[in-house]
Amino acid sequence: MSLLNATVTDATSDILTVIFTVTNASGNVNFTGVNASGFWINNSFNTTHFSDGYHNATVTATDFAGNINNTEFVNFLIDNSGPNITNLGKTPTTSYNDNNVTFNATVADDWVNVSSVWLAGNWSGNWTNITLTNVSLNNYSYIVNAGNFSNQEIVGYQWFTNDTLGNMRNSSLLTFVVTNRAPLFNLSNNISNQQWVEDSGSAVIDLTPHFYDVDLDDLHYTFNVSSNPAGGLNVSINNDTGIATITSVANWNGVGNITFTAWDFVGASNTSALINITVTNDENEPPILTTSISPINFSEDTNLSLTLV
C-alpha cells in the first residue's frame, strides 16, 4: 500500500470531506481522506491496481458550508515492475569443453534507471553470482573461459536485475549441455599391415598414438576380425595400456583382416582403417604322413620299395 496525503485548511469552517482522485486506464478512482492531526490521508491506495506509468491526481476538499476547492493535477509515476531482460544469447550455440562461452542480455527499464545486473551460473560446480556493468546501449555480457566446462556437463544460468526503486526481475532458468565430440582416428598415423611366419611370430600394437579425443576423454578399445579363415587369428586388448596383441594358432597360415575402434564414455566411437594380417607358410616344416602304411608284410630275403611322395 501507498499513502495519499494532503494538508487541507479552512479559515472559517471545518473540513467536511477530502477526496483524492487518481486517473487510471479506465477512468478515475476516488479515495476518501481521513483527518490525521491536520493532515488528510488515505492509506488504502494500492499502486498494484494501476498500470505502470504516469498518472494524475487531484485533491477535492469540501467544508461544512458547502464550499468546494480542488488542486491542480499532480503528475506522479507508478512503477512496480523490474527492468526488462531481453535479447538473451549464448555463443557459440554449440559449446564444447574447450570453448570460451559468452552470455549476453539487454537490460533496460521503461521508467527509471537500472540499478544493478547480475548473472548467476553453476559452470564452476557451484552457483555463483557475477555482477555486470553496462557494456553499451543497455547491453550486458560475461565470458566464461575454456577450462570451466566438463564434457557433458549440464550448465545452468539465470539473469537478475533491479531498478533504482528496488523492483526486481529475473529471466527463466536457462541450461545447455557441453557437447561431446567422438574420438578420431589419426589418418596421418595409420596402423601398418602385419606379417609373420606361422608358429614363430605375433603383432603387438599400441593403439594410443593412432586415436585421439579432442575432449580429452579416456578411451577404451574394441576390435573386429572381419576375415579370419578357419579361426586362425586371436586378438586381445589391454584397455589399461591400450596395447593390442594379435597371435595365430599353431600350424595356421593365411590372410585375415582386423579393425580397431576407440570409444569414449558417452558411447561415441571411431574405427581404424582395415589392417591386413598375413601369416606365411613355414617352408621348413617336417613332413606330415597323411596315409597309414602299416602293417607292412614281405617275405624273408626279398626287397620292398615304398613311394613317400
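Modeller: A residue is called buried when its relative accessible area is under 20%, and exposed when it is over 50%. The structure above is a predicted model.

Colleague: Is Q158 buried or exposed, and how do you know?

Modeller: The relative accessible area of Q158 is 16%. The cut-off for buried is under 20%, so Q158 is buried.

Colleague: Where is Q158 placed, and which residues does it touch?

Modeller: Q158 is in strand β14, residues 154-163. Leaving aside residues up to four places away in sequence, Q158 touches W118, L119, A120, N170, S171, S172 and L173.

Colleague: What makes the pair of Q158 and S171 a polar contact?

Modeller: A polar atom of the Q158 side chain lies 2.7 Å from the backbone oxygen of S171. The limit for such a contact is 3.5 Å, and 2.7 Å is within it.

Colleague: Why is the pair of F103 and W123 called stacked?

Modeller: The ring centres of F103 and W123 are 5.6 Å apart, and the planes stand at 20°. Rings pair if their centres lie within 6.5 Å, and planes under 30 degrees apart count as stacked. Both conditions are met, so the pair is stacked. The structure holds 13 aromatic pairs.

Colleague: Which parts does the pair of F103 and W123 tie together?

Modeller: F103 lies in strand β10 (residues 101-108), and W123 in the loop between β11 (114-121) and β12 (128-132). The two positions are 20 residues apart in sequence, so the pair ties together those parts. F103 and W123 are both buried. They belong to one aromatic cluster with Y142, F149, Y157 and F176.

Colleague: Which residues of the largest nonpolar core touch the most other members?

Modeller: L207, I246 and F260 do, in a core of 21 residues. The elements that give two or more residues to this core are β19 (203-206), β22 (233-238), β23 (243-248), β24 (254-263) and β26 (275-280). A second, separate core has 18 residues, including V107, L119, I130 and Y140.

Colleague: In the sheet with the order β19-β23-β22, which strands stand at the edges, and why?

Modeller: β19 and β22 each have a single partner strand, so one side of each is left without a neighbour in the sheet. The sheet is open, with antiparallel pairing. Neighbouring strands in it are turned by 15° against each other on average, direction ignored.

Colleague: How do you know that β22 and β23 pair?

Modeller: Two strands pair if there are at least two bridges between them. β22 and β23 are joined by 6 bridges, so they pair. One of the bridges has L233 with S248 of β23 as its partner.

Colleague: What makes β1 and β4 edge strands in the sheet with the order β1-β5-β4?

Modeller: β1 (2-7) and β4 (34-36) each pair on one side only. This open sheet of 3 strands is antiparallel. Its neighbouring strands are turned by 35° against each other on average, direction ignored. β1 is joined to β5 (residues 39-45) by 5 bridges, and S2 has F45 as its bridge partner in β5.

Colleague: Which residues form the covered face of β26, and which the uncovered one?

Modeller: I275, I277 and V279 form the covered face, and N276, T278 and T280 the uncovered one. In a regular strand the side chains alternate between the two faces of the sheet.

Colleague: How many bridges join β26 to β18 and to β24?

Modeller: 4 bridges join β18 (residues 194-197) to β26, and these strands run parallel. 5 bridges join β24 to β26, running antiparallel. In β26, the bridge partner of Q194 is I277, and that of G254 is V279.

Methods
Residues are numbered from 1 along each chain as its sequence is written. This is a predicted model: local features need pLDDT of at least 70, side-chain atom pairs count only at pLDDT 80 or more; totals for chains, interfaces and linings use all residues. Side-chain values use heavy atoms; hydrogens and water are left out. A nonpolar core is a set of buried Ala, Val, Leu, Ile, Met, Phe, Trp, Tyr and Cys residues joined through side-chain atoms within 4.5 Å. Buried means under 20% relative accessible area, exposed over 50%, partly exposed in between (1.4 Å probe, protein chains only). Axes are lines fitted to C-alpha atoms, for helices over the stretch in contact, and angles run from 0 to 180 degrees between N-to-C directions. A polar contact is a pair of N or O atoms within 3.5 Å; within protein, one must be able to donate a hydrogen and the other to accept it, and residues adjacent in sequence count only if both atoms are side-chain atoms. Contact means heavy atoms within 4.5 Å. Rings of Phe, Tyr and Trp (its six-membered ring) pair if their centres lie within 6.5 Å; planes under 30 degrees apart count as stacked, over 60 as edge-to-face and the rest as tilted.
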